[in-house]
Number of protein chains: 2
Amino acid sequence: MEPIEWRDGKVRFLDQTQLPAREITTETDDPLVIVEAIRTLAIRGAPLIGIAAAYAVALAAVPPVAAGKPPGTAADRVRGAMELLAGTRPTAVNLFSALGRMKETLDRCAGPAEIAPRLLETARAIHAEDAAMCAAIGRFGAGLLPADATVITHCNAGALATGGIGTALGVITTASSLGKIRRVYVGETRPLFQGARLTAWELSGSGIDVTVMTDSSAPYLMIKERVDAVIIGADRIAANGDVANKIGSYALARAAADHGIPFYVAAPTTTIDPSLPEGGAIPIEVRAAEELTFSGTGRIVPGGASVWTPAFDVTPHEYVTAIVTENGVNRPPYSFHAEDGGRPGGGGK
Amino acid sequence: MEPIEWRDGKVRFLDQTQLPAREITTETDDPLVIVEAIRTLAIRGAPLIGIAAAYAVALAAVPPVAAGKPPGTAADRVRGAMELLAGTRPTAVNLFSALGRMKETLDRCAGPAEIAPRLLETARAIHAEDAAMCAAIGRFGAGLLPADATVITHCNAGALATGGIGTALGVITTASSLGKIRRVYVGETRPLFQGARLTAWELSGSGIDVTVMTDSSAPYLMIKERVDAVIIGADRIAANGDVANKIGSYALARAAADHGIPFYVAAPTTTIDPSLPEGGAIPIEVRAAEELTFSGTGRIVPGGASVWTPAFDVTPHEYVTAIVTENGVNRPPYSFHAEDGGRPGGGGK
């Protein structure tokens with residue numbers, strides 16, 4: 001099942017908040033529905049957010065069939081949608097790079113009639129390129145894993161998070177197709193359980209042996225059992241290789257370092273933000289308190305207590321063994337530039 | 001509110017699974033109700049489990065008022081209850097040390113008439129001694145904390161877990177009464193949320209500034225903010241100072257070591273098991289898969305995935321800065337013996 005598709009002038013997407021209990025898809029020609037889906041994490045995962053935003057912009061270019069108010073020009077509608085989309089989630093840079101490309105396409109249009117088809121063309125290209133990048137990341141990353149590997153991952157950097165086979169999970173499924181994967185452990189990924197709900201669903205669906213644990217169990221697993229690698233995705237990577245990813249990633253990186261286990265980050269070059277020299281400058285989204293204070297229908301944090309709800313953390317580059325992009329395996333020292341992104345062999349210039 | 005009380009021949013206890021939403025107490029003269037309460041974590045926390053088990057044994061000595069079947073002798077009923085209680089939870093050694101004391105009392109009884117009053121006397125003593133040990137631990141531990149301290153704790157080692165003010169939380173509330181606590185961070189403590197539900201409830205009820213975070217956030221907090229200490233309780237401590245405590249404790253210990261933060265364990269000497277030379281011999285309870293696969297009413301782990309659900313982990317002694325018992329502050333090298341338990345200054349013989 002594709003997490004997002006363009007079909008006959010509409011966007012069809014899977015509501016990821018309902019997995020694994022229900023597979024519910026929504027079809028829409030309203031860009032605002034996509035905006036809301038990104039905000040609520042019905043659509044999530046850094047590369048997929050970029051793709052969805054691009055399609056939402058393409059939708060905005062088409063005049064609404066039954067507009068309650070004057071539809072304005074295509075360019076106006078597109079700019080309005082871009083502004084709303086840019087305000088959904090601050091950390092994943094893929095959102096902003098996708099919007100940047102859509103803006104460039106808009107600016108290059110010779111006349112209004114070109115806008116809708118050209119924007120759709122670019123959105124489709126962003127989608128297709130992401131699929132190709134995932135495939136390449138999978139091949140490069142699989143080469144890093146030993147035979148019979150036990151691997152830990154976190155959150156969901158899979159097909160559900162991208163336009164293709166996924167980044168971290170693309171590495172795992174590619175390695176699995178080569179017979180290299182013994183077992184995958186995934187932290188449930190509090191507070192929204194993307195590891196339990198999405199990664200376990202994807203991997204078990206691919207016939208890969210996957211075990212869910214509390215996020216706090218990973219270091220204990222590392223002393224109880226041989227773990228060959230930790231591999232995660234990324235929401236934004238600074239020029240020096242600092243990595244913003246789901247809260248708990250830094251904990252895993254330090255635990256891996258403590259136990260002598262390589263820690264790999266798999267991400268397309270669209271996730272690299274060469275404009276930021278280091279990770280301290282990456283904006284970290286803080287989610288609503290309710291994601292922590294309620295579980296199911298019950299209140300679990302009493303009213304008198306505060307909560308701290310960063311959606312992401314930043315892992316300093318010194319704890320990242322390698323960053324795998326579609327261009328190859330980058331090793332420290334990392335030095336990503338606008339023009340070369342995740343160049344093979346990376347860094348060291 | 002007391003988590004457990006002996007009242008007019010009955011045991012009255014708070015159902016901790018219902019906190020913080022509901023404060024429900026149960027009154028019973030049936031030892032089987034206590035057995036079930038321990039098994040379901042309505043009564044939890046290593047010292048409190050020991051106290052509850054002692055009271056359950058005392059209840060068993062009293063002939064049932066309306067027995068469906070012949071009640072047997074008091075000694076038989078007591079031995080039957082002890083066997084059931086010993087099978088409830090394997091990790092907390094306080095359970096077994098309390099049962100051991102009750103057994104000694106039983107063995108010393110001169111005749112059947114003595115059994116019920118003598119067993120109650122011992123159970124009350126175990127309860128009162130635990131309260132006194134908590135108070136002493138609080139005083140010794142508070143001395144370890146600097147002024148204006150920001151402290152991380154995990155799970156619940158508070159009044160709800162003991163017969164007194166708690167162990168780790170006893171240290172925190174004692175330090176707070178001396179004006180030394182700025183803020184407490186607590187991991188929510190997956191899967192059963194004891195940090196969110198119980199510790200946040202206790203500390204906010206005491207007017208202490210408490211912030212709940214995902215368990216995976218602690219290392220990131222350590223780079224974002226000054227953290228002065230991590231302090232936790234224990235379920236069993238081996239002779240060499242290895243500490244079994246709630247899953248996630250080892251993760252915190254390594255994170256504290258990585259960030260140069262002291263890691264303290266607060267526990268009465270009843271938690272020390274000098275018969276085990278090291279922590280590898282501590283039996284670690286594995287909880288039901290459902291504690292991880294369901295959240296609220298919804299399934300979050302798909303059927304095709306496995307789960308790993310250790311209730312505890314073991315922190316090797318080299319990551320424990322000090323162990324605070326009612327006898328004082330023990331520092332490495334730890335060497336606990338049957339006759340000296342948590343002797344002040346500890347170890348090194």
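# Exercises on a predicted two-chain model

Pro191(A) sits in the loop that connects β5 (181-187) and α7 (194-205) of chain A. The model is a predicted one.

**Exercise 1.** Determine which kind of peptide bond precedes Pro191(A), and find the corresponding bond at Pro191(B).

*Solution.* Step one: in chain A, the bond runs from Arg190(A) to Pro191(A), and omega is near 5°. This bond is cis. Step two: in chain B, Arg190(B) and Pro191(B) are joined by a cis peptide bond too, with omega about 5°. Step three: Pro191(B) lies in the loop between β5 (181-187) and α7 (194-205) of chain B. For background, most peptide bonds are trans.

**Exercise 2.** Asp148(B) and Thr189(B) are residues other than glycine with a positive phi. Locate each one, and decide whether it is buried, partly exposed or exposed.

*Solution.* Start from the general case: most residues other than glycine have a negative phi. Next, take Asp148(B), with phi near 55°. Asp148(B) belongs to the loop between α5 (112-142) and β4 (149-153) of chain B. Its relative accessible area is 37%, so Asp148(B) is partly exposed. Then take Thr189(B), with phi near 70°. Thr189(B) belongs to the loop between β5 and α7 of chain B. Its relative accessible area is 0%, so Thr189(B) is buried. The cut-off for buried is under 20%.

**Exercise 3.** Describe the surroundings of helix α9 (residues 249-258) of chain B.

*Solution.* Count the buried residues: 8 of the 10 in the helix. The helix is therefore largely enclosed by the rest of the structure. Among the buried residues are Tyr250(B), Leu252(B) and Arg254(B). Finally, look past the helix: α9(B) is followed by Gly260(B), which has a positive phi near 70°.

**Exercise 4.** Place Thr325(B) in chain B, and state what its side chain reaches.

*Solution.* Thr325(B) is part of strand β16 (residues 322-325). With a relative accessible area of 0%, Thr325(B) is buried. The side chain of Thr325(B) reaches the backbone nitrogen of Asn327(B) at 3.0 Å.

**Exercise 5.** Decide how the compactness of chain A compares with that of a globular protein of its length.

*Solution.* First list the elements: chain A has 10 helices and 17 strands. The radius of gyration of chain A is 20 Å, close to the 20 Å from the globule rule for 349 residues, so chain A is as compact as a globular protein of that length. Last, add the burial: 60% of the 349 residues of chain A count as buried.

Definitions and conventions:
Residues numbered from 1 in each chain as written. Chains lettered and ligands numbered in written order. Predicted model: local features only at pLDDT ≥ 70, side-chain atom pairs only at ≥ 80, totals over all residues. Heavy atoms only, no water. Helix = DSSP H or I, 4+ residues; strand = E, 2+ residues; numbered from the N terminus. Buried < 20%, exposed > 50% of the residue type's maximum accessible area, 1.4 Å probe, protein only. Polar contact = N/O pair within 3.5 Å; in protein donor to acceptor, adjacent residues only side chain to side chain. Rg over C-alpha atoms; globule rule 2.2 N^0.38 Å.
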